[in-house]
There are 2 protein chains.
Amino acid sequence: MEDTPKRVTRRRAATRARLLEAAFEVFAARGFGRVSIEEICEAAGFSRGAFYSNFATLDELFFALYQERADLIASQVAEALAQDGPGLDVPASVDRVTEVLLLDVDWLLVKSDFLVHAARDPEVARALLEHRARLREAIADRLRRARGHTELPAVLGDAQGAAHAVVAAYDGVTVQLLLDRDVEAARAWLGRLLTALLTDGSRILA
Amino acid sequence: MEDTPKRVTRRRAATRARLLEAAFEVFAARGFGRVSIEEICEAAGFSRGAFYSNFATLDELFFALYQERADLIASQVAEALAQDGPGLDVPASVDRVTEVLLLDVDWLLVKSDFLVHAARDPEVARALLEHRARLREAIADRLRRARGHTELPAVLGDAQGAAHAVVAAYDGVTVQLLLDRDVEAARAWLGRLLTALLTDGSRILA
DNA sequence: CCCTTCGGATACATGAACGTATCCGATACA
DNA sequence: TGTATCGGATACGTTCATGTATCCGAAGGG
């Protein structure tokens, strides 16, 4: 079905990368809905021919862009979680993860665009859901690893449930951050929310 | 600066309303970014002339639409919160509010579009922030009224802080709902999150 | 060193959306 | 009932993005 002509791959990979990078900037600045193909090509220093040689449609580029960055973030989170021992030091872990997740407002902007895009395209939604599931699983693993050292509130159920709550808190804080652009406040809030969720309210921060 | 010719107001109000209603449906179905003015007019059964007679731009219509619906929701939430006595019955309150907030997926879709729109337009962002502040204040009032009957976890600070957390939880659950479209699951999750946040984890659901 | 193949540029045709300017019917008021 | 004004429809010109078809230069193989 698909012929894979794998010659001359160097130049091609470079322009593809430049296109993706330029697309990220343009999407972040103007929003997916308002961006034209030409605009991206211009920002990347290419003509539209280059675009159509690498992508069939703007949606396809957007999808590729999201996957690239999302995988990057996911691995960074996993790394941040793996960084301390079996005992879960909640404040420290939260700080490190928060640092990764709320580092780049531009990424949050693009991610939100991708969300509303996915909300109307089942295929895209599936991909996003899978990605979120992977992230939740990483968090749940970490929480499970901490069992016995730290106990979770019962309301959330198992580690899987707690991970779900963590992601929800992250998403919730993101919304406010997109509006007020106050990264520090968002970090603080996410920290407070996560400690409230992951620890026994009566026991922490006496 | 502005002349306000207030004659013949009946027909005008009706077409404006029909335009807004049609816009809501079209926005929900296709997303703000993909919608043309003509599309809305078609759905409303009007020509573009009618649109330009009532709104200067699509952004203006979107803004009006959001305000209309958001005010409606806000009053419904306030009503749901006022419904029980001074003692805060967390599960019952949460159920009622949840019912209102997670009733209409279409509204959540439109709201998300508006969010990413606002995230890039400071003017719009201000309006949205004010609206969120009003909603938070209503919740905080309710929580304060319950002081002495139910105590809040200390991590979140005062009632204002707790209200902030409630909104964050709502936003977080919304994101997942937009992807999996499972309203019941979302309601259940929001309930669990809110009870986890608003009550002492060790004390509830023994 | 040629020459085949590939990648990106250029040129072109098409269609869609926009905003305006003008027209006609309807409505409110005398 | 007449009439002035208002609201929405129609018609028009223009801009802009898209996708394709073709061309040229450059990289890589023999």
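## Surface near DNA strand C

In this predicted model, the surface near DNA strand C draws on helices of both protein chains: α1 (9-30) and α3 (48-54) of chain A, together with α1, α2 (37-44) and α3 (48-54) of chain B, each supply at least two residues. The element that gives the most to this surface is α3(A), with four residues. Sorted by class, the surface near DNA strand C comprises eight charged, six polar and six nonpolar residues.

Altogether, 20 residues surround DNA strand C, and the closest are A:Arg11, A:Thr15, A:Ser47, B:Arg48 and B:Tyr52. On the side of the nucleic acid, 70% of the atoms of DNA strand C that come within 4 Å of the protein belong to sugar and phosphate.

## Individual polar contacts with the strand

Two residues can be described through their distances to phosphate oxygens of DNA strand C: for B:Tyr52, an N or O atom in the side chain is 2.4 Å from such an oxygen, whereas for A:Ser47 a backbone N or O atom lies 2.8 Å from one. With A:Arg12, a polar side-chain atom lies 3.4 Å from a sugar or linking oxygen of DNA strand C.

## Extent of the contact between the protein chains

Chain A and chain B each bring 51 residues to the contact between them. The two chains bury about 4,000 Å² between them, and 67% of this area is on carbon and sulfur atoms. Within the area that chain B buries against chain A, B:Arg120, B:Val155 and B:Leu179 supply 19%, which is more than any other three residues.

## Polar pairs and helices at the chain interface

Between chain B and chain A there are four salt bridges; in one between B:Asp113 and A:Arg120, the closest N and O atoms are 3.0 Å apart. Counting polar contacts across the interface of chain B and chain A, with both residues at pLDDT 80 or more, gives 12 residue pairs.

On the side of chain B that touches chain A, at least two residues come from each of α1 (9-30), α6 (105-118), α7 (122-145), α8 (159-180) and α9 (183-198) of chain B. Here α8(B) gives the most, with 12 residues. The class composition of the side of chain B that touches chain A is 28 nonpolar, 11 polar and 12 charged residues.

Conventions: Residues numbered from 1 in each chain as written. Chains lettered and ligands numbered in written order. Heavy atoms only, no water. Contact = heavy atoms within 4.5 Å. Buried area = accessible area lost by both parts, 1.4 Å probe. Salt bridge = Lys/Arg side-chain N within 4 Å of Asp/Glu carboxyl O. Polar contact = N/O pair within 3.5 Å; in protein donor to acceptor, adjacent residues only side chain to side chain. Nonpolar A, V, L, I, M, F, W, Y, C, P; charged D, E, K, R; others polar. Near = heavy atom within 4 Å.
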